[in-house]
Amino acid sequence: MTEAEAMRRALELAWRGWGRVHPNPMVGAVVLREGQIIGEGWHAEFGGAHAEVEALANVSAAAAEGATLVVTLEPCRHHGKTPSCTEAIFDAGIARVVFGADDPSPEARGGAAQLADVGIQVDRVPVENQVRRQNAAFFHELRHPTRPFVALKLATSIDARLADYTGRSHWLSAKKARDWVHWLRAGFDAIAVGGRTARVDNPSLTVRGPVSPRVPPRRVVFDRHAHLAGATTLLGSAREIPVLLVCEGTPVPDQAAEYAQAGVDILEAGNLTLALQGLYARGVKSLLVEGGGRLAGRLLGAGLIDRFYWLQTPLWLGEGGVPAFAGLHGELLEQVYRWTPVERRSLGPDTLLVLDRQHSGQ
C-alpha cells in the first residue's frame with residue numbers, strides 16, 4: 001500500500017467521528033510498516049483519544065518502532081482534554097509522519113515542527129483541500145469567528161422545484177436520500193427552516209438515523225413576523241430539544257406568552273447577517289438550512305451560504321411547482337460567482353451534488 005492509499009483510508013476513517021467530535025475536527029490515522037497497515041484509528045468522541053493515539057494503541061511497541069504514521073491533520077502539540085499527540089508519537093518510536101493539512105488552531109498547531117525538531121521525518125501529501133472540506137465548519141470558524149458555517153440542503157425536482165403546484169413535497173426524494181439527510185443533520189449544531197415551511201410542513205427537525213449526535217442539533221425558524229402557528233411539533237418539543245425563533249421585531253404579547261410557555265427562545269435581528277451573528281453568539285457554529293425557497297433565496301442573494309447540498313429527484317414539476325430559490329436577482333453571466341463542485345454521487349434514484357462557495361476554510 002502506498003502512502004497516498006493510506007491517506008485515503010485515513011480520510012475514510014475520519015468520517016466515523018461525524019456528529020460525535022464537533023467542535024473538534026474529524027481526524028483519521030493509520031500506521032504503515034513495509035507497505036502494510038498495521039494499525040488504524042480515528043477521533044471517535046469529543047474529549048476522547050485523538051486518531052494518532054488510537055492508531056498507535058492498536059500496534060505493538062515493537063511494530064511501532066521505526067514505522068510511518070499517516071494522519072489527515074497535523075498532530076497536535078498541546079495538552080488539552082488529552083495529552084499531546086506529538087508526545088505519543090515520539091514515545092512510540094515512530095520514524096516518519098505524513099500528514100494532510102496544517103492544524104489551524106493557535107493552541108494545537110506547530111506539531112509538525114516539534115516532531116521534526118526531535119528527529120522524526122515529517123512530510124505532507126497534497127490532500128489539504130479534502131481535509132478542509134471534510135472539516136469545513138472547523139476551518140470556517142477560525143477564519144470567520146462571527147457567524148456560523150452555513151450549509152443549504154434542498155431536495156428538488158430536476159427543474160428546481162421544492163413541491164408540486166398544490167404545495168405537496170412528501171416525499172419528493174426516496175428513502176435512501178432521506179436516510180442520508182438524517183446522517184447529515186447529526187453533524188450540525190442547528191437545523192433551520194423558514195417560517196412558512198415550519199407552518200405548512202410542521203417538521204420535527206430531529207436526527208433519526210444511525211448516528212446519534214453527541215449534542216442534538218437545535219431547531220431554528222426564521223420568520224420575520226414571529227408566526228409559528230401550525231408548527232405544533234416544534235412548539236410541543238421545545239423544552240426537550242431547543243427551538244430558537246429568529247424574527248425582526250418583538251412578538252405581540254399573546255404570541256410572546258405562548259412561545260415562553262412552550263420554551264421557545266426568541267432572537268430579534270433586523271437582517272440575516274445580524275441573525276447569523278446572534279446565532280453564533282448563542283453557540284451555533286454550524287447551521288444546516290433545509291428550506292424553504294424564500295429563505296434559501298435570501299441567504300444565497302446575501303452571499304451567506306458556504307456549502308450547498310442539492311438532492312435532485314428524476315422528475316419535473318413544471319412552472320406551477322414551488323421554486324427552490326425565490327427572490328434571487330438576475331446577474332450578468334460575466335459577473336456571477338461560480339461555485340466549486342466537490343462531490344457527486346447517487347443515493348438510490350436520487351443524485352447528490354455538493355457545491356462549495358469556495359474551498360472551505362480559505
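## Cavities

A cavity is a set of grid points where a 1.4 Å probe fits but cannot get out. By this rule, this predicted model has two cavities of 30 Å³ or more.

The largest cavity holds about 90 Å³ of space. Its lining includes Phe-222, Asp-223 and Arg-224. Val-246, Cys-247 and Glu-248 are also among the lining residues, as are Ala-269, Gly-270, Asn-271 and Leu-272. Ala-275 and Arg-298 line this cavity too. Two elements, β10 (243–247) and α12 (272–281), each supply at least two residues of this lining. By class, the lining of the largest cavity has six nonpolar, two polar and four charged residues.

## The chain as a whole

The chain has 13 helices and 16 strands. Its radius of gyration is 23 Å, close to the 21 Å that the globule rule gives for 362 residues, so the chain is as compact as a globular protein of that length. Along its principal axes, the C-alpha trace spans about 70 × 45 × 40 Å.

Buried residues make up 49% of the 362 residues. Among contacts with a separation of 6 or more, 74% join residues 24 or more positions apart. The accessible surface comes to about 16700 Å². Carbon and sulfur atoms account for 52% of that surface.

## The largest pocket

Pockets are open. Which residues lie nearest the centre of the largest pocket? They are Thr-197, Asp-201, Glu-290, Gly-291 and Gly-292, out of 44 lining residues. The elements giving two or more residues to this lining include the strands β6 (149–157), β7 (161–163), β8 (190–194) and β14 (322–323). The helices α8 (175–185), α9 (195–201) and α13 (293–301) do so as well.

About 1200 Å³ of space lies in this pocket. Helix α9 gives the most to the lining, with six residues. The lining divides by class into 16 nonpolar, 15 polar and 13 charged residues.

## The second largest pocket

The second largest pocket contains about 830 Å³ of space. It is lined by 35 residues. Closest to its centre are Trp-15, Met-26, Arg-133, Gln-134 and Arg-307.

Helices α1 (3–14), α6 (128–134), α7 (136–143) and α8 each supply at least two lining residues. So do the strands β13 (307–313) and β15 (340–347). Which element gives the most to this lining? Helix α7 does, with four residues. By class, the lining of the second largest pocket has 17 nonpolar, nine polar and nine charged residues. Helix α8 thus appears in the linings of both pockets.

Conventions:
Residues numbered from 1 in each chain as written. Predicted model: local features only at pLDDT ≥ 70, side-chain atom pairs only at ≥ 80, totals over all residues. Heavy atoms only, no water. 1 Å grid on protein atoms, 1.4 Å probe; cavity = no way out; pocket = protein on both sides within 12 Å on 5 of 7 lines; lining within 4 Å. Points joined across faces, edges and corners; volume = space filled by probe spheres on them. Nonpolar A, V, L, I, M, F, W, Y, C, P; charged D, E, K, R; others polar. Rg over C-alpha atoms; globule rule 2.2 N^0.38 Å. Buried < 20%, exposed > 50% of the residue type's maximum accessible area, 1.4 Å probe, protein only. Contact = heavy atoms within 4.5 Å. Areas by Shrake-Rupley, 256 points an atom, 1.4 Å probe, with all protein chains shown as cover.
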